[in-house]
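Trainee: I am about to look at this model for the first time, and I would like to work from one residue outwards. Could you take my questions in order?

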Amino acid sequence: MSPRGQIEPWGRARLMLSAAAVLAVGSVALTGLGFAVYLLVANEPTSTEAAANSQAGLGTMPSGPHRRDSISAEPMLQVSAQDGRGGVPSSTPAPSLTIPAATEIRASEVPSGFPPTPQGAIGQLAAIEITVLQGMSIPIARDVYEHWSEPGPADASDWELMRNVQAFLGSAAGTDVEDPTTMVVAEPVGAQIKGSDGAGWVVACVLLDVRAMVATEARVAYGHCARMVWEDSERRWVIGAGEPPARAPSTWPGTDLAARAGWRTWISERG
């Protein structure tokens, strides 16, 4: 699988150009992907008490599959669906996390070239998420999963991002997906490293600002985590095999709740 060539650094500025077109729409409504993500967030709450209990035992746990499963399964802050649809800006800036930019395009048109660091894993996960959500197509989602995940018992049909795409296409908004005015734009606004086990395994989490426009615009914050594994032979991060991590909190960026949920402000590294 060879790189297709070099491209300019891929990050916040490039995505904002697309977002500007969406923002030209006047009114905001909970439709399409916004409603799909709303349902996913609303139906699967997490427990803060369980998270505290799980965290306590990780410090002395040896490296290996059991530790990785524990990191992955550890619940995160419980939030409501409404917390992903708006909030009061915090008076205190959240800590930031600088994420390297992609340097090339690889399989399934996914930006890549991220370094073998936890921040690189976050960058790769965001690139995968954005390719799927902005493509908004079942074949695209399946192709991305098959090229950017480790072999294992799980199928693309079980992937959270695939369920998002299915929910959008199955909604009223999905009937207009071929209309050139229909658009989904996803921008990374927050990130966190949930845990790691050695240099080549990390649970990376990305907070996206997702905007879906059909006749009106829907906007929602969407948090997502994945096991990420470094493939040394391919020099890239991929989605790791195993049970998917506990659901990430979908909190409105820039709020006190987002900071309490562990989200750090996304800063794109400049080349």
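Trainee: Leaving aside its neighbours within four places in sequence, with which residues is Gln192 in contact?
Mentor: Before the answer, please note that this is a predicted model, in which local features need pLDDT of at least 70 and side-chain atom pairs count only at pLDDT 80 or more, while totals for chains, interfaces and linings use all residues. Residues are numbered from 1 along each chain as its sequence is written, and side-chain values use heavy atoms, with hydrogens and water left out. Taking contact as heavy atoms within 4.5 Å, and leaving aside neighbours within four places in sequence, the contacts of Gln192 are Met76, Ile122, Val203, Ala204, Cys205, Ala261, Gly262 and Trp263.

Trainee: Is Gln192 buried or exposed?
Mentor: The relative accessible area of Gln192 is 10%. Because buried means under 20%, exposed over 50% and partly exposed in between, with a 1.4 Å probe and protein chains only, a residue with the value of Gln192 is classed as buried.

Trainee: Which strand holds Gln192?
Mentor: Helices (H or I, at least four residues) and strands (E, at least two) are DSSP runs, numbered from the N terminus. By that numbering the protein chain has eight helices and nine strands. The strand in which Gln192 has its place is β5.

Trainee: Which residue in β6 is the bridge partner of Gln192?
Mentor: Strands count as paired if DSSP finds at least two bridges between them, and β5 and β6 pair in the antiparallel sense over twelve bridges. Across that pairing, the C-alpha atom of Gln192 lies 5.2 Å from that of a residue which is 13 residues away along the chain. This residue is also the bridge partner of Gln192 in β6, namely Cys205.

Trainee: Which residue in the hairpin of β5 and β6 takes a positive phi?
Mentor: The hairpin has four residues between its two strands. One residue in this hairpin has a positive phi near 85°, and that residue is Gly198.

Trainee: How many of the residues of β6 are buried?
Mentor: Both faces of the strand are covered, with Trp201, Val203, Cys205, Leu207, Asp209, Arg211 and Met213 buried on one side, and with Val202, Ala204, Val206, Leu208, Val210 and Ala212 buried on the other. For comparison with the whole protein chain, 49% of its 271 residues count as buried. In β6, which is mostly covered, the count is 13 of 13.

Trainee: How many bridges join β6 to β7?
Mentor: Strand β6 covers residues 201-213 and strand β7 covers residues 217-231, and the two run antiparallel. Among the facing residues, Val202 has Met228 as its bridge partner in β7, while Val206 stands opposite His224. The number of bridges joining β6 to β7 is 13.

Trainee: In what order do the six strands form the open sheet?
Mentor: The pairing in this sheet is mixed. Its edge strands, each of which pairs on one side only, are β2 (96-99) and β8 (236-239). Written across the open sheet, the order is β2-β9-β5-β6-β7-β8.

Trainee: Which residue in β9 stands opposite Thr98?
Mentor: Strand β2 is joined by four bridges to strand β9 (residues 264-268), and these two run parallel. Along β2 the side chains alternate, so to speak of its faces, Leu97 and Ile99 point to one and are buried, while Ser96 and Thr98 point to the other and are not. The residue in β9 opposite Thr98 is Ile267.

Trainee: Which strands does helix α7 touch where it packs on the sheet?
Mentor: Axes are lines fitted to C-alpha atoms, for helices over the stretch in contact, and angles run from 0 to 180 degrees between N-to-C directions. On that basis the direction of α7 (residues 160-169) makes about 155° with that of β7. The strands that α7 touches are β5 (183-196), β6 and β7.

Trainee: Which residues in α7 are met by Glu129, Val132 and Leu133 in α5?
Mentor: The axes of α5 and α7 cross at roughly 20° and come within 10 Å. From α5, Glu129, Val132 and Leu133 make the contact, and the residues they meet in α7 are Leu161, Asn164 and Val165.

Trainee: How far apart are the axes of α5 and α6?
Mentor: Helix α5 (residues 118-135) packs with helix α6 (residues 138-147) at an angle of about 165°. Ile128, Thr131, Val132 and Gly135 in α5 meet Ile140, Ala141 and Val144 in α6. The distance between the two axes is 8 Å.
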